[in-house]
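Let's take a walk through this one from the inside out. Keep the viewer open and follow along.

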Amino acid sequence: MNESVSVFLPVRKGSKRIEKKNTKPFSGFDGGLLELKLKQLLKIENIGEIVLSTNDPEAINVANNLGIRDKTIIVKKRPEFLAKDSTDLKDLVAYVPEVTNREHILWTHVTSPFVSSSTYEKIIKSYFESISNNYDSLMSVNTLQNFIWDKEVNDIINRVNNLKWPRTQDLKTLYEVNSAAFMASINIYSKHKDRIGNRPYLFELGKVEAIDIDWHEDFKIAELIYENIS
């Protein structure tokens, strides 16, 4: 099974919100979030390769320093037209089958620093179990069972009864896509032009694991949390 799984790790140069977000030092990792993520991924037994898709020379240096010669990490220089702020995600999705021929693809991001090696192992295991049970893909989510207010409707939109303020446990459960992990076959990429199929299995992450670094404040908060739990 392990040889059939490829990890696709996109790392683009030129973050606007956090300068050098992927490679700036993070909690003792000189190579930043990328170094941390690669070290997590290298510990996973059930993968055949890690495809680092990047146009960033600093990201390539981080990979080189981790021993790229073992061939587990494969650096694929990303074309510049696929590394712009304006790049359409569907174009990057369509590019993935060009950089791997493995049967199954786990797409993840360095901006999810708390998704550990053991969690990735669980994700892979859940994916293969789910496709045996009529699912065709997997994506990670946060569970939301709070009061969700729609400004236009001017009301709570996940109420399931007539009570104005029901108990939170009686609200409809919603799911937020946290982008920590998407898993699907290469056939899904080719057929659906997407990272998921028509019936994805929802893999729920805990609150800390689901933290995504998007803004400067996120980076600082994540550092504080990491230093206190590692």
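What follows covers the nonpolar packing, then the strands, then the aromatic rings. Keep in mind that this is a predicted model.

A handy general point to start with: in soluble globular proteins, nonpolar side chains tend to end up buried together. Here, the largest nonpolar core has 40 residues, and the members that touch the most others are Leu9, Phe26, Leu34, Leu38, Leu106, Ile123 and Met183. Strands S1 (5-11), S2 (49-54) and S8 each give two or more residues to this core, as do helices H1, H2 (57-65), H4 and H6. There is also a second, separate core of 18 residues, with Val99, Ile105, Trp107 and Val141 among its members.

Helix H1 (residues 32-42) deserves a closer look. Nine of its 11 residues are buried, so the helix is largely enclosed by the rest of the structure. Leu33, Leu34, Leu36, Leu38 and Leu41 are among the buried ones, but so are Glu35, Lys37 and Gln40.

Now pick out Leu106 and skip its neighbours within four places in sequence. What is it in contact with? Ser6, Val7 and Phe8 are on the list, along with Tyr120, Ile123 and Ile124, and finally Ala181, Phe182 and Met183.

On to the strands. S8 (residues 174-185) runs antiparallel to S4, with five bridges joining the two. Trp107 has Phe182 as its bridge partner in S8. S8 also runs antiparallel to S5 (residues 137-144), this time with seven bridges, and Leu138 stands opposite Met183 there. As a rule, side chains in a regular strand alternate between the two faces of the sheet. Try that idea on Leu106, listed in the largest core, and Trp107, listed in the second one.

Phe182 has another partner too: Arg195 lies over the face of its ring, 3.8 Å from the centre. A similar arrangement can be found at Trp215, where the charged end of Arg17 sits over the ring, 4.4 Å from its centre.

Last come the aromatic pairs, eight in total. One of them is Phe114 with Tyr226, a tilted pair at 6.1 Å centre to centre and 40° between the planes. This pair links distant parts of the chain: Phe114 belongs to the loop between S4 (104-108) and H4 (117-131), while Tyr226 is in H6 (residues 216-229), 112 residues apart. Are these two residues buried or exposed? Both Phe114 and Tyr226 are buried. They also belong to one aromatic cluster along with Phe26, Phe29 and Phe219, and Phe26 takes us back to the largest core.

Technical notes. Residues numbered from 1 in each chain as written. Predicted model: local features only at pLDDT ≥ 70, side-chain atom pairs only at ≥ 80, totals over all residues. Heavy atoms only, no water. Phe/Tyr/Trp six-rings, centres within 6.5 Å; stacked < 30°, edge-to-face > 60°. Helix = DSSP H or I, 4+ residues; strand = E, 2+ residues; numbered from the N terminus. Buried < 20%, exposed > 50% of the residue type's maximum accessible area, 1.4 Å probe, protein only. Lys NZ or Arg CZ within 6 Å of the ring centre and 35° of its normal. Pairing = 2+ DSSP bridges. Core = buried A, V, L, I, M, F, W, Y, C linked by side-chain atoms within 4.5 Å. Contact = heavy atoms within 4.5 Å.
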